[in-house]
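Me: I'm new to this structure and would like a close look at a single part. Could you walk me through one strand and its surroundings?

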Amino acid sequence: MVGLNGSGKTTLFKLILGLLEPEAGEIYVFDRARTRKNLWQVRQEIGFLFQNLDDQLFALTVWEDVAFGPRNQGLSEDEVEERIRTELGIVQMSDFRDRPVNQMSHGQAKRVALAGVVAMRPRILFLDEPFTGIDFPMVRRLVKIIEDPRNEDMSVLYTTHNRFFLENWADSVLVLRNGSVLYDGSVNEALAREDVLNQIGNWEHLKQDMIESRNRVRNIGYPT
Ligand SMILES: Nc1ncnc2c1ncn2[C@@H]1O[C@H](COP(=O)(O)OP(=O)(O)OP(=O)(O)O)[C@@H](O)[C@H]1O
Ligand SMILES: [Mg+2]
């Protein structure tokens, strides 16, 4: 899912998860209307990585935070432990298991948050800007922990402002503009459309701007 700042991406996630209620219309999840009654069920089946991690991490320690989701699903404590060990190992946060969640760097916090939602083995994973602020080797690891369940039966809906992650990782794209769907379909077709490109920007234009600007400075020289 792509769109400019404020186009409604995070709001759409929150509506589906019942963190916000629509002023009009209805929300359908797995072909059923999402009501206040079945909200709990919906949240068992959808794992959500928040854009703002302050909304996500709240337990006292890293371990407890990752345990929260699977425990809520009613799994046995052995199963919960097994999953936490696996996921924390993959995101390389095992050594932090007893540390407070508020003492981690942004990237570390995101890795813990992702371990927590993947440990729930949800049918759908919502990822709001999953790779922003993550170092490159870790992006590769995160893609791997998402890809394994995705290749079995989990669907992933993620947001990005980075065209690389759109072109190389999405099977299809939803483009939002001012709170409405501008386009819903194939990535290649989307990237051939002018109105879509206006919403996601063109890296070539930025590159040209930068090159021209730096060249101007180099030719004129800095004021002394
Ligand atoms: N709690 C809120 N109350 C009122 N308006 C809000 C609230 N949260 C967001 N908005 C507004 O709703 C619109 C959509 O915001 P949203 O957070 O969904 O955008 P977004 O597409 O996720 O943007 P970004 O790329 O910056 O994350 C924006 O105009 C925003 O200012
Ligand atoms: Mg957002």
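Reply: Here is a look at strand E3 and the sheet it belongs to. This is a predicted model, where local features need pLDDT of at least 70, side-chain atom pairs count only at pLDDT 80 or more, and totals for chains, interfaces and linings use all residues. Residues are numbered from 1 along each chain as its sequence is written, while chains are lettered from A and ligands numbered from 1 in the order in which they are written.

Strands are DSSP runs of at least two residues, numbered from the N terminus, and E3 covers residues 46-49. In a regular strand, side chains alternate between the two faces of the sheet. In E3, Ile46 and Phe48 sit on one side, with Gly47 and Leu49 on the other, and all are buried (20 or more other C-beta atoms within 10 Å of a residue's own, with C-beta atoms placed from the backbone).

Next door is E4, residues 124-128, which runs parallel to E3 and is joined to it by 4 bridges. Ile46, for one, has Ile124 as its bridge partner there. Two strands pair if DSSP finds at least two bridges between them, and here 3 strands make an open, parallel sheet in the order E3-E4-E5. E3 and E5 (155-159) are at the edges with a single partner strand each, so one side of each has no neighbour in the sheet.

Terms used
A residue is buried if 20 or more other C-beta atoms lie within 10 Å of its own, exposed if 12 or fewer, and partly exposed in between; C-beta atoms are placed from the backbone.
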